[in-house]
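This report describes the sheets, the helices packed on them, and the enclosed and open spaces of one protein model. The text is meant to be read beside the sequence and the coordinates.

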Amino acid sequence: MGKIGGFLEIDREDFTSEDPIERIKHFNEFHHPLSKKKQKEQGARCMDCGVPFCQYGQKVGQMVIGCPLNNLIPEWNDLIYRGNEEQALNRLLKTNNFPEFTSRVCPALCEKACTCSLNGDAVSVRENEYGIIENAFEKDLIKAKMPSERNDKKIAVIGSGPAGLAAADTLNKRGYEVDVYEREDRPGGLLMYGIPQMKIEKDIIMRRVQMMKDEGVHFIMNTYIETKKQATKLLQQYDSIVLACGSRVPRDIQVEGRNASNILFAVDYLTSITKSLLNSHFTDKKYFNVKDKNVLIIGGGDTGNDCVASAIRHGCKSVIQLEMMEEAPLERGEDNPWPEWPNIKKTDYGQQESLAIFHKDPRVYQTTVSRFILNDKNEIEKAELVKLERKQGKMVPIQGSEYVIDVDLVLIAAGFVGCESKITKAFQVKLDSRNTVETLEQSYKTNVEKVYTAGDMHRGQSLVVWAIKEGREVAKEIDNDLMGYTNL
């Protein structure tokens with residue numbers, strides 16, 4: 001249980017970050033991990049609470065509390081404190097296929113539910129998770145290992161995002177032959193192309209993919225399953241199929257001037273940047289260049305923030321990020337008690353960089369676009385914005401509050417509204433009211449025999465940690481259905 005009373009003696013310490021003025025000069029990760037000594041000290045703060053909400057992962061009211069993967073956080077924090085690196089790695093990998101992903105991009109649901117966070121600073125979880133897995137790779141404690149036995153069953157996983165990768169990895173380790181189909185040129189899904197290099201360097205993803213290849217998983221790239229003929233062939237070829245294609249239909253906006261040529265979806269913008277960076281370090285010019293442009297981002301979430309950071313790195317003239325909702329409070333409200341996720345204001349890395357470069361937060365609250373003003377080339381020159389107010393639970397425009405700003409490029413980062421129709425029609429799976437694939441509660445089976453689903457395609461737009469959870473769970477269900485039991 002760490003050091004008795006450790007949380008009383010030792011203050012929380014986080015990764016240090018490169019100064020915003022310096023880190024905007026590159027597209028690499030910019031956090032500096034803690035030393036081994038500091039990691040041990042942070043592990044010592046964990047007291048293995050009677051009810052460790054950090055690893056609870058169950059619903060309380062309308063909200064899931066703690067880690068969906070049920071990571072054994074008190075156990076491996078104690079093992080870090082005691083210097084038992086190999087056992088800490090074993091306990092971490094017991095519940096999480098890809099700690100190197102979650103330790104970089106997960107918002108740390110575990111820490112927000114930590115008992116210490118009720119009246120102070122949470123125990124460090126994500127930083128120590130990072131320390132365990134990166135130390136394991138550095139010291140060669142984690143190696144590719146082929147399954148000791150193979151069965152005669154073949155599985156196809158369509159989509160190589162975190163859900164697809166987790167399903168493939170879990171099933172492969174159980175002895176199935178697994179083929180992963182991906183429409184892009186690199187595996188990873190939105191983990192590869194929807195999340196910028198600054199948050200997760202892409203060689204981290206490829207390091208894990210190479211290990212999976214060495215363990216027997218087959219990756220078939222540049223292959224988009226979109227016809228009934230393709231689906232029928234796969235159903236004949238495989239014993240089970242997992243649809244893990246994500247929630248890839250972006251939410252659009254419908255206002256006057258929307259048809260302008262310089263309005264992009266955020267995911268297309270971010271994808272173009274990462275592809276150009278990886279293929280040529282931008283020398284191919286195959287990305288949407290924002291240098292010296294006024295950029296308007298519609299959407300206040302993580303993707304919008306990633307767009308802010310990317311635009312700043314490419315030398316935009318200005319950047320504005322519109323948020324329809326009110327500015328969140330700095331502290332929890334009475335209607336948002338611990339251990340719920342705290343609905344408070346967060347100033348993320350892109351917004352920090354805007355403060356450093358432009359001396360202002362890019363977010364404009366309670367505001368939306370009322371129309372775009374175009375030139376004779378069908379390009380946006382200006383955008384008319386309107387302020388919003390809450391009435392009867394809805395955000396509505398305030399008459400007379402309109403104002404106009406100069407705009408050269410618009411990025412729509414308003415989230416996603418379900419899965420793409422080509423593949424669902426190809427397999428003839430049913431959809432629910434959210435435009436995600438329908439299954440029975442606590443099941444991943446679709447209405448089509450042998451076809452399962454997982455990740456955002458199943459639950460809607462969500463976090464990487466939830467995708468990994470669903471990938472593991474669908475593998476368990478498939479194993480039980482094919483073998484009559486499961487030990488996963």
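Contact here means heavy atoms within 4.5 Å. The model is predicted. In that sense of contact, helix α9 lies across β5 (154–158), β6 and β7, running at about 165° to β6.

## The sheet that carries α9

Five strands make up an open, parallel sheet in the order β7-β6-β5-β8-β18. Its edges are formed by β7 (218–220) and β18 (451–453), each of which pairs on one side only. From one strand to the next the twist averages 20°. Strand β6 (residues 177–181) runs parallel to β7 and is joined to β7 by 3 bridges. Within this pairing, Asp 179 is set opposite His 218 of β7.

## The sheet around β10

A further open sheet has 5 strands in the order β9-β17-β10-β11-β12, again with parallel pairing. Strands β9 (263–265) and β12 (363–365) stand at the edges with a single partner strand each, so one side of each has no neighbour in the sheet. Neighbouring strands are turned by 25° against each other on average, direction ignored.

Strand β10 (residues 294–298) is joined to β17 (residues 409–412) by 4 bridges, and the two run parallel. Ile 298 faces Ile 412 of β17 in this pairing. Towards β11, 5 bridges connect β10 with its parallel partner, and Leu 296 has Ile 320 of β11 as its bridge partner.

How many of the residues of β10 are buried? The count is 5 of 5, and the strand is mostly covered. In a regular strand the side chains alternate between the two faces of the sheet. Both faces of β10 are covered: Asn 294, Leu 296 and Ile 298 are buried on one side, and Val 295 and Ile 297 are buried on the other.

Helix α14 (residues 302–313) packs on this sheet, where it touches β10, β11 (318–323) and β17. The direction of α14 makes about 175° with that of β11.

## Arg 313 and helix α3

Arg 313 belongs to helix α14. Is this residue, Arg 313, buried or exposed? The relative accessible area of Arg 313 is 9%, and a residue counts as buried under 20%, so Arg 313 is buried. Apart from its neighbours within four places in sequence, Arg 313 is in contact with Arg 23, Ile 24, His 26, Phe 27, Phe 30, Met 198 and Glu 353. Between the C-alpha atoms of Arg 313 and Asp 284, which are 29 residues apart along the chain, the separation is 17 Å.

In helix α3 (residues 36–44), the residues Gln 39, Gln 42, Gly 43 and Ala 44 are buried. The cover over the buried residues of α3 includes α1 (6–9), α4 (73–81) and α8.

## Cavities and a pocket

The structure holds 3 cavities of 30 Å³ or more. The table gives the make-up of the lining for two of these cavities and for one pocket.

| Space | Nonpolar residues | Polar residues | Charged residues |
|---|---|---|---|
| Largest cavity | 10 nonpolar | 3 polar | 2 charged |
| Second largest cavity | 8 nonpolar | 2 polar | 1 charged |
| Second largest pocket | 10 nonpolar | 8 polar | 13 charged |

The largest cavity contains about 120 Å³ of space. Its lining has 15 residues, and those nearest its centre are Cys 67, Asn 71, Cys 106, Cys 110 and Glu 129. Two elements, α7 (109–112) and α8 (126–138), give two or more residues to the lining of the largest cavity. Helix α8 is also among the elements that cover the buried residues of α3.

The volume of the second largest cavity is about 70 Å³. Its lining includes Pro 250, Arg 251, Phe 265, Ala 266, Val 267, Thr 303 and Ile 412. Ile 412 is the residue of β17 that stands opposite Ile 298.

The second largest pocket has a volume of about 960 Å³. It is lined by 31 residues, of which Leu 93, Lys 94, Asn 97, Lys 173 and Arg 472 lie nearest its centre. Helices α5 (85–93), α9 (162–174), α11 (202–214) and α18 (464–483) each supply at least two residues of this lining. Helix α9 thus appears both here and across β5, β6 and β7.

Conventions. Residues are numbered from 1 along each chain as its sequence is written. This is a predicted model: local features need pLDDT of at least 70, side-chain atom pairs count only at pLDDT 80 or more; totals for chains, interfaces and linings use all residues. Side-chain values use heavy atoms; hydrogens and water are left out. On a 1 Å grid over the protein atoms alone, a cavity is a set of points where a 1.4 Å probe fits but cannot get out, and a pocket is an open set with protein on both sides within 12 Å along at least five of seven lines; lining residues have an atom within 4 Å of a point. Grid points are joined across faces, edges and corners, and a volume is the space filled by probe spheres set on the points. Ala, Val, Leu, Ile, Met, Phe, Trp, Tyr, Cys and Pro count as nonpolar, Asp, Glu, Lys and Arg as charged, and the others, Gly among them, as polar. Two strands pair if DSSP finds at least two bridges between them. Axes are lines fitted to C-alpha atoms, for helices over the stretch in contact, and angles run from 0 to 180 degrees between N-to-C directions. Buried means under 20% relative accessible area, exposed over 50%, partly exposed in between (1.4 Å probe, protein chains only).
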